[in-house]
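Here are a few exercises to work through with the model open beside you. Try each one yourself before reading the solution.

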Amino acid sequence: MFRKLLKSKLHRATVTRSDLDYEGSIAIDECLLEAADIEAYEAVHVWNVNNGSRLQTYAIPAERGAGEICLNGAAARMAAVGDRVIIATFQWLEESRTPEHHPKLVFVDGQNRIIPKP
């Protein structure tokens, strides 16, 4: 049997921009993608802490070190600049592997710089 478990999470990132006219996705600073083990075009869940909205889209890389979190296309309607979001990925694991599984949890400050776990 397989179980779907949290693979990684960017916790309380700040939305820096939105682009309604872009074709879709969420642009995430490359440093944050690497830290959270999120690949370009990987499916991600985006949970808005400010308004409670939830959506699923895919990640694309934004400029390394710029701290950008940009919702694109229809997703741009789901968050305002300054909103805090949780970005999560999941993976399927064989049940026998779940006891040793540990997701990557990445915490950031208000400028989307990586900080130690609070």
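**Exercise 1. Find how many salt bridges the structure holds, and work out which parts of the chain they link.**

Solution. This is a predicted model, and it holds 5 salt bridges. Let us take three of them in turn.

Step 1. Begin with Arg3 and Glu95, whose side chains meet at 2.9 Å, N to O. Arg3 sits in strand E1 (residues 2-14) and Glu95 in the loop between E7 and E8, so distant parts of the chain are linked, 92 residues apart. Both ends are partly exposed: Arg3 has a relative accessible area of 38%, and Glu95 has 33%.

Step 2. Move on to Arg17 and Glu68, a salt bridge of 2.8 Å, N to O. Arg17 belongs to strand E2 and Glu68 to the loop between E5 and E6, so this pair ties together parts that are 51 residues apart in sequence.

Step 3. Finish with Arg64 and Glu34, which meet at 2.6 Å, N to O. Because Arg64 is in the loop between E5 and E6 while Glu34 is in helix H1 (residues 30-35), the pair joins parts 30 residues apart in sequence. Arg64 is partly exposed at 40% relative accessibility, and Glu34 is exposed at 51%.

**Exercise 2. Decide whether Glu68 is buried or exposed, and list what surrounds it.**

Solution.

Step 1. Compare the relative accessible area of Glu68, 19%, with the cut-off for buried, which is under 20%. Glu68 therefore counts as buried.

Step 2. Check its salt-bridge partner: Arg17, at 37% relative accessibility, is partly exposed.

Step 3. Look for contacts beyond four places in sequence. Glu68 is in contact with Thr16, Arg17, Ala27, Ile28, Asp29 and Ala62.

**Exercise 3. Explain why a search of the whole structure finds 0 disulfides.**

Solution.

Step 1. Start from Cys31. The closest cysteine sulfur is in Cys70, 17 Å away.

Step 2. Apply the cut-off: a disulfide needs the two sulfur atoms within 2.5 Å. At 17 Å, the sulfurs of Cys31 and Cys70 are too far apart for a bond.

Step 3. Add the surroundings. Cys31 is partly exposed at 29% relative accessibility, whereas Cys70 is buried at 0%.

**Exercise 4. Trace the sheet, then place strand E4 within it.**

Solution.

Step 1. Write down the strand order. The open sheet has 9 strands, E2-E6-E3-E5-E4-E7-E1-E8-E9, with mixed pairing. Its edge strands, E2 (17-19) and E9 (114-115), each pair on one side only.

Step 2. Look at the neighbours of E4 (residues 43-48). It runs antiparallel to E5 (residues 54-62), joined by 5 bridges, and Val44 has Thr57 as its bridge partner in E5. On E7 (residues 84-94), 4 bridges join the antiparallel pair, and Val46 stands opposite Ile87.

Step 3. Inspect the connection. E4 and E5 form a hairpin with 5 residues between them, and Gly52 in the turn has a positive phi of about 80 degrees.

Step 4. Ask how covered E4 is: 5 of its 6 residues are buried.

**Exercise 5. Find which backbone atom the side chain of His101 reaches.**

Solution.

Step 1. Locate His101 in the loop between E7 and E8, where it is buried at 18% relative accessibility.

Step 2. Follow the side chain of His101 to the backbone oxygen of Leu6, at 2.6 Å.

Step 3. Beyond four places in sequence, His101 touches Leu5, Leu6, Lys7, Gln91 and Leu93.

Notes. Residues numbered from 1 in each chain as written. Predicted model: local features only at pLDDT ≥ 70, side-chain atom pairs only at ≥ 80, totals over all residues. Heavy atoms only, no water. Pairing = 2+ DSSP bridges. Helix = DSSP H or I, 4+ residues; strand = E, 2+ residues; numbered from the N terminus. Buried < 20%, exposed > 50% of the residue type's maximum accessible area, 1.4 Å probe, protein only. Contact = heavy atoms within 4.5 Å. Polar contact = N/O pair within 3.5 Å; in protein donor to acceptor, adjacent residues only side chain to side chain. Salt bridge = Lys/Arg side-chain N within 4 Å of Asp/Glu carboxyl O.
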